[in-house]
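Please look over the sequence and the model below before reading on. The briefing that follows goes through the sheets, the rings and the helices in turn.

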Amino acid sequence: MSERDTICALASGQPPAAICIIRLSGDAIWKLAGALLDCGLPEPRRATLTKFRDEDANLIDEGLALFMPGPHSYTGEDTLELYLHGGAAVIEHAISTLIKEPNVRMAEPGEFTRRAFEAGKIDLTEAEGVADIIEAETTAQKAQALRQLTGGLTEQYDHWRAELTGILALIEVAVDFPDEEDAPEETTTPVIAKLNRLIGELEQALGDRGIGEKIRDGFRIAIIGAPNAGKSTLLNRLAGRDAAIVTSRPGTTRDVIEIRRVLGGQVVWISDTAGLRETEDEIEAEGVRRAERVAAEADLRLLMVDGSAPELGVLTSPYRQSADIVIVNKADVNLSPDLPEFNYKISARDGAGVAELEAALADFIAKKAASVEAPVITRARHRARLVEGLGCLIAARDALDLGTGAELAAEDVRLAIRHLGAIVGTVGVEDVLGAVFSQFCIGK
């Protein structure tokens with residue numbers, strides 16, 4: 001085992017709590033246990049009741065110690081977990097004692113999981129699954145993270161890589177035997193068929209409309225409309241609090257204001273936007289531009305119309321889609337006879353009709369999340385690599401189909417294998433490791 005610092009961290013929640021867990025990993029565990037635990041180094045994988053003392057033999061606490069020798073541990077190194085009482089004084093005394101020891105320091109964010117990755121205990125998608133299940137707030141997020149953590153994505157990416165390795169072997173027959181008249185024809189036809197099938201599978205994965213990323217990060221709903229249509233009032237009603245400033249002055253909302261809800265079992269970000277209109281006010285004009293950008297990127301738009309004085313420009317917006325919901329607001333006042341066709345009539349001020357609207361939003365989000373079964377893309381990093389890999393496969397197929405060279409096709413397939421390998425972390429991921437593991441909590 002390589003010699004490097006032993007790391008320690010609080011692996012449980014912040015104090016006060018009934019129990020805390022302090023986790024250590026590294027070569028110094030044998031020395032630490034002998035010096036600080038009355039029981040010495042515990043028997044492997046058997047929780048042992050012991051007293052934990054500082055360097056001056058002062059009692060820190062009495063609790064359980066659990067030793068897991070490497071390589072059969074989470075990090076692949078010797079690890080030790082201390083289960084102590086979860087008071088702030090106990091935790092501070094325990095950790096300060098540990099990091100006074102030579103070659104022992106506080107862990108960096110995600111360092112335990114990074115060591116597990118470096119030891120080959122998990123791949124990069126499984127490591128991301130660890131982070132996602134810690135952060136999961138909904139059942140859907142938990143299910144997706146568990147699938148990733150237990151190798152669901154790895155299995156698919158490894159299958160694609162294995163298929164490409166077989167294809168590469170066939171292409172190299174044509175490279176190695178260029179003078180054999182039958183070899184190219186016998187090999188290129190099945191290779192092109194295999195490439196077409198894989199291209200179709202990757203295109204299908206990339207055509208998931210980003211559902212995997214949205215389950216993880218949240219779906220987006222934008223409330224858009226003319227000034228004073230009641231957008232901010234509706235946002236506050238959906239938030240259950242005063243998230244946005246509401247006045248009778250048109251143009252009060254200048255920036256995008258977001259609230260977070262759980263609707264249809266999914267995390268949803270609902271955005272209040274600046275009123276859409278022509279304006280010479282520089283700040284308000286920037287707000288309108290941001291509103292248009294948010295509207296274009298949203299999964300659903302709520303097109304809000306003032307029922308007392310309908311301004312219908314929002315209904316002809318270029319980013320409007322068939323699933324968008326038209327809302328007539330201010331149902332508590334005298335409505336105009338010139339109302340457009342609408343889906344819901346509400347009063348954002350007194351709440352009339354809002355419950356029905358909220359139920360419709362939940363239904364829309366639930367159906368959208370269920371529209372793709374078991375997404376194989378859960379992060380933008382995965383999508384970027386798949387797009388690159390798909391481009392390489394198309395280039396390889398075209399090279400074989402046009403007869404421009406098996407050597408070029410072979411190189412394109414090798415590049416595609418590297419792009420897929422980068423997703424699971426087998427090649428070329430040094431530049432993304434810091435970004436991936438910095439998102440973890442300290443004790444994981």
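How many aromatic pairs does a search of the whole structure find? The search finds two aromatic pairs, and both are described below, with the reminder that this is a predicted model. The points after them turn to two open sheets, one with the strand order E3-E4-E5-E2-E1-E6 and one with the order E8-E9-E7-E10-E11-E12, and then to a packed pair of helices, H4 and H5.

**Aromatic pairs**

- Trp30 and Phe67 form an edge-to-face pair, in which the ring centres are 6.0 Å apart and the planes stand at 80 degrees to each other.
- This pair links distant parts of the chain, since Trp30 belongs to helix H1 (residues 29–36) and Phe67 to strand E4 (residues 59–68), with their positions 37 residues apart.
- The two partners differ in their surroundings: Trp30 has a relative accessible area of 53% and is therefore exposed, being over the 50% cut-off, whereas Phe67, at 2% relative accessibility, is under the 20% cut-off and so counts as buried.
- The rings of Tyr157 and Trp160 have centres 5.7 Å apart and planes at 65 degrees, so this pair is edge-to-face as well.
- Tyr157 and Trp160 both lie in helix H6 (residues 152–176), where they are three residues apart, or about one turn of the helix, and both of these residues are buried.

**The sheet that contains E1 to E6**

- This open sheet has six strands with mixed pairing, in the order E3-E4-E5-E2-E1-E6, and its edge strands, which each pair on one side only, are E3 (48–53) and E6 (104–106).
- From one strand to the next, the twist of this sheet averages 30 degrees.
- Strands E3 and E4 run antiparallel and are joined by six bridges, and within E4 the bridge partner of Thr48 is Ala65.
- Strand E1 (residues 6–10) and strand E2 (residues 17–25) are also antiparallel, with four bridges between them, and a hairpin of six residues connects E1 to E2.
- Cys8 has Leu24 in E2 as its bridge partner.
- On pairing with strand E5 (residues 79–86), E2 again runs in the antiparallel sense, this time over eight bridges, and Arg23 has Glu81 in E5 as its bridge partner.
- Arg23 has a further contact, because its charged end sits over the ring of Phe112 at 5.7 Å from the ring centre, which is within the 6 Å cut-off for such an arrangement.

**The sheet that contains E7 to E12**

- This second open sheet also has six strands and mixed pairing, and its order is E8-E9-E7-E10-E11-E12.
- Its edge strands are E8 (257–263) and E12 (344–345), each of which pairs on one side only.
- Strand E7 (residues 219–225) and strand E9 (residues 266–272) run parallel and are joined by five bridges, with Phe219 standing opposite Val268 in E9.

**A packed pair of helices**

- Two packed helices are described by the angle between their axes and the distance between the axes.
- Helix H4 (residues 124–135) packs against helix H5 (residues 139–149) at an angle of about 155 degrees, and their axes are 7 Å apart.
- Angles over 145 degrees count as roughly antiparallel, and H4 and H5 are therefore roughly antiparallel to each other.
- The crossing that H4 and H5 make is left-handed.

Definitions and conventions: Residues numbered from 1 in each chain as written. Predicted model: local features only at pLDDT ≥ 70, side-chain atom pairs only at ≥ 80, totals over all residues. Heavy atoms only, no water. Pairing = 2+ DSSP bridges. Phe/Tyr/Trp six-rings, centres within 6.5 Å; stacked < 30°, edge-to-face > 60°. Buried < 20%, exposed > 50% of the residue type's maximum accessible area, 1.4 Å probe, protein only. Lys NZ or Arg CZ within 6 Å of the ring centre and 35° of its normal. Axes fitted to C-alpha atoms, helices over the stretch in contact; angles between N-to-C directions. Parallel < 35°, antiparallel > 145°, perpendicular 65-115°, else oblique. Left-handed = near helix turned anticlockwise from the far one by under 90°.
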